[in-house]
Amino acid sequence: MGSKVQTKKLKKPKKEKRTKIRIDYSICGEDGKIDPRDCAKCLKVCDPAVFMMHSALDLIYKDPNDPQRWRINPQWGSLCTHCLKCVDICPENAISITW
Ligand code: SF4
Ligand code: SF4
């Protein structure tokens with residue numbers, strides 16, 4: 001006599017929605033008219049410090065003082081609390097966030 005094995009159908013784990021933060025670099029950064037070093041408002045307003053500013057990776061071959069070679073990077077998007085302060089404060093509407 002075989003013993004009856006009870007199986008329980010496992011629920012599929014809920015897919016965690018990821019926060020997507022996009023900076024339009026055609027506005028702010030290497031292709032845009034805004035030098036993020038002069039603005040950096042998003043950087044300052046974000047409490048969990050989601051953003052970082054860095055030079056473009058190929059900077060070594062370019063002029064390091066070229067304002068269009070810097071960019072804001074939403075490096076730690078998982079820390080975002082969706083407060084939208086950065087979106088509101090960006091003078092160029094260069095930030096979009098979805099989650
Ligand atoms: S929505 Fe708020 S927490 Fe998220 S990146 Fe912008 S300022 Fe930071
Ligand atoms: S607030 Fe907007 S314009 Fe200013 S650095 Fe951030 S993304 Fe660029």
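Two residues count as being in contact here if their C-beta atoms, placed from the backbone, lie within 7 Å. Keep that in mind while you look at the whole chain: of the contacts between residues at least 6 apart in sequence, 64% join residues at least 24 apart. One caution before you start clicking: this is a predicted model.

**The whole chain**

Colour by secondary structure. You should find 3 helices and 4 strands, and walking from the N terminus they come in the order β-α-α-β-β-α-β. The chain has 99 residues, and 18% of them count as buried.

**Strands β1 and β4**

Select residues 20-23, which make up strand β1, and turn on the side chains. They alternate: Ile21 and Ile23 point to one face and are buried, while Lys20 and Arg22 point to the other face and are not. Now add residues 95-98, strand β4. The two strands run antiparallel, with 4 bridges joining them. To see one of these pairings, pick Arg22 and look across to Ser96, its bridge partner in β4.

**Ile95 and the core**

Stay in β4 and click Ile95. Which residues does Ile95 contact, leaving aside neighbours within four places in sequence? They are Ile21, Ile23, Cys42, Cys86, Val87 and Cys90. So much for its surroundings; now for the core. The largest nonpolar core has 14 residues, and Cys42 and Ile95 are the ones that touch the most other members.

**Val87, in helix α3**

Next, select residues 85-89, helix α3, and pick out Val87. Ignoring residues up to four places away in sequence, Val87 touches Ile95 and Ile97. Try a distance from Val87 to Cys42 too: the two are 45 residues apart along the chain, yet their C-alpha atoms are separated by 7.7 Å. Is Val87 buried or exposed? Neither label fits: Val87 is partly exposed, because it has 16 other C-beta atoms within 10 Å, and a buried residue needs 20 or more.

**Lys41, in helix α2**

Jump to Lys41, which sits in helix α2. Lys41 touches Ile89 and Cys90, again not counting residues up to four places away. Its C-alpha atom is 7.4 Å from that of Cys86, 45 residues off along the chain. Lys41 has 18 C-beta neighbours inside 10 Å, so it counts as partly exposed.

**Two alanines to check**

Open your phi/psi display and go to Ala40. Ala40 is not a glycine, but it has a positive phi of about 55°. You'll find Ala40 in the loop between α1 and α2, and it is partly exposed because it has 14 C-beta neighbours inside 10 Å.

Ala49 does something along those lines: its phi is positive at about 60°, although this residue is no glycine either. Look for Ala49 in the loop between α2 and β2 (52-55). With 11 C-beta neighbours inside 10 Å, Ala49 counts as exposed.

**The two ligands**

Finish with the ligands. Around ligand 1 there are 13 residues, and Cys46, Val50, Cys80, Cys83 and Cys86 come nearest. By class, that shell has 10 nonpolar, 2 polar and 1 charged residues.

Then move to ligand 2, which is surrounded by 15 residues; the closest are Cys28, Pro36, Cys39, Cys42 and Cys90. Which helices each supply at least two residues of this shell? Select α1 (36-39) and α2 (41-45), and you have them. The shell around ligand 2 is made of 13 nonpolar and 2 charged residues, with no polar ones.

Definitions and conventions: Residues are numbered from 1 along each chain as its sequence is written. Chains are lettered from A and ligands numbered from 1 in the order in which they are written. This is a predicted model: local features need pLDDT of at least 70, side-chain atom pairs count only at pLDDT 80 or more; totals for chains, interfaces and linings use all residues. A residue is buried if 20 or more other C-beta atoms lie within 10 Å of its own, exposed if 12 or fewer, and partly exposed in between; C-beta atoms are placed from the backbone. A nonpolar core is a set of buried Ala, Val, Leu, Ile, Met, Phe, Trp, Tyr and Cys residues joined through C-beta atoms within 7 Å. A residue is near a molecule or strand if its C-beta atom, placed from the backbone, lies within 6 Å of it. Ala, Val, Leu, Ile, Met, Phe, Trp, Tyr, Cys and Pro count as nonpolar, Asp, Glu, Lys and Arg as charged, and the others, Gly among them, as polar. Two strands pair if DSSP finds at least two bridges between them.
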